[in-house]
Amino acid sequence: MPMTERDPSLAVADTEVNELILQEDRRQRESLRLIASENYTSKAVLEACASSLTNKYAEGYAGKRYYEGMSVIDPLERLAIDRAKSLFGAEHANVQPYSGSPANLAVLLALCEPGDTIMGLSLPAGGHLTHGWKVSATGIYYNSVQYGVRESDHLIDLDQVRDLAKQHRPKLIWVGHSAYPRVLDFPAFAEIAAEVDAYLAADIAHVAGLVAGGAHPSPIPHCHAVSSTTHKTLRGPRGGLIMCRKAHAKAIDKAVFPGLQGGPHNHTTAAMAVAFKEAAQPSFRDYATTVVANAKALAEALIGAGLDLITGGTDNHLMLVDLTSTGISGRVGAKALDRCGIELNCNSIPFDRRKPFDPSGLRIGAAAVTSRGLRPEHMPMLAGFISDGVREAASNDGQVSEEFAARMRGEIAEFLAEFPAPGL
Ligand SMILES: *Cc1c(COP(=O)(O)O)cnc(C)c1O
């Protein structure tokens, strides 16, 4: 029997999965989402993700495909590429990477040989696994040298970057982070890379939305290649993006396909195109500016509530709380807050004396709450929720009672009800 004769909607076809999705919708509506890598996409982005484009194979690039039936996919992918180039001012864009990690592997495959020396910010200092951390393919197939932050102020130590670069002569230097609360000095990195004749690759997975919205300097003029995710501050679908100068366009495209991937996820490409259009609107500039203003206000309020922040604040969308003085670990704190309806993640802090699985810090991001319409005046309230939860856990051996947690969940859901979650 053809599927069309019996093609019920999800709610009828699979009540188990449908129920779980509805539960997740509700959870995202009612909880305070502060995970720095997450956001709420628009309804338009969600609709593009859930389209017939998922049915289509399209290995290759527009005009040079290995399949027929490309009358829609070719113009669609060209549209996504043109919008990405215009949004970021890039000479070339590849919108096919399945996510941020494959995008980074493609940059390395394009610009380096296996065994070449690469440099990146170490994971405990706020870097990403794919910048050469030892358990990552990027640390296994390449000779990885890691730079860090200064012990005195927890800022990236450019003198150390220069010294290591001169000593190890890397083929490529990564600049980018997953947990660094300050603006990156792209021109300074470019100067160091030029001194040792290395490629400079920026990974703006976290700050892409801020860059697009003019709230963080752009790496594009300073880098040979720039990779990104599209789902963090950029507020698009889960996906990856690489931009580069014309000179490296062929190598980057070849590395993504056929070097690393098969068919692109066309439904994601469509959703990216939608997100790039959204990010080019004046309202997105307001969003990006407000993300930074909210993060600064939240950081100030958390410090006011007696919590310690790494570097004493933030210039971007994220901050790192050092829980050492409270007596509870980051994992214990994050678990307690999750029960209270506050979603964030534990994170290593620079020079952490605890293990990565149970580190000393909490990472907090302001992008998702900004997408719901929260503004700096609401941040003291959020800081109050967070510090109340931390204090309660700290005074109860890391535990929060169900009574306390339920009261917090109720207060938070009530507060958030005034700020509709986009897309849901
Ligand atoms: C999130 C992130 C990635 C990886 O993205 P995935 O989509 O999870 O693979 C890469 N680099 C940085 C800096 C990130 O923060």
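**Notes on the fold and its cores**

1. With 424 residues, a compact globule would be expected to have a radius of gyration near 22 Å, and the protein has 22 Å, which agrees. That radius is taken over C-alpha atoms, and the globule rule is 2.2 Å times the number of residues to the power 0.38.

2. Before going on: this is a predicted model, where local features need pLDDT of at least 70, side-chain atom pairs count only at pLDDT 80 or more, and totals for chains, interfaces and linings use all residues. Residues are numbered from 1 along each chain as its sequence is written, and side-chain values use heavy atoms, with hydrogens and water left out.

3. The C-alpha trace spans about 70 × 60 × 40 Å along its principal axes. Buried residues (under 20% relative accessible area, 1.4 Å probe, protein chains only) make up 55% of the 424.

4. Now the inside. The largest nonpolar core (buried Ala, Val, Leu, Ile, Met, Phe, Trp, Tyr and Cys joined through side-chain atoms within 4.5 Å) has 53 residues, and F88, Y147, I156, I173 and L234 have the most contacts inside it. Domain 1 (49-279) and domain 2 (286-416) both contribute residues, so this core lies between them; the domain bounds come from an automatic or database assignment.

5. Take F88: leaving aside neighbours within four places in sequence, F88 is in contact (heavy atoms within 4.5 Å) with I204, A208, V211, A212, I220, L234, L241 and M243. Another core lies apart from the largest one, with 41 residues, including L32, C346, A405 and I412.

Technical notes. Buried means under 20% relative accessible area, exposed over 50%, partly exposed in between (1.4 Å probe, protein chains only).
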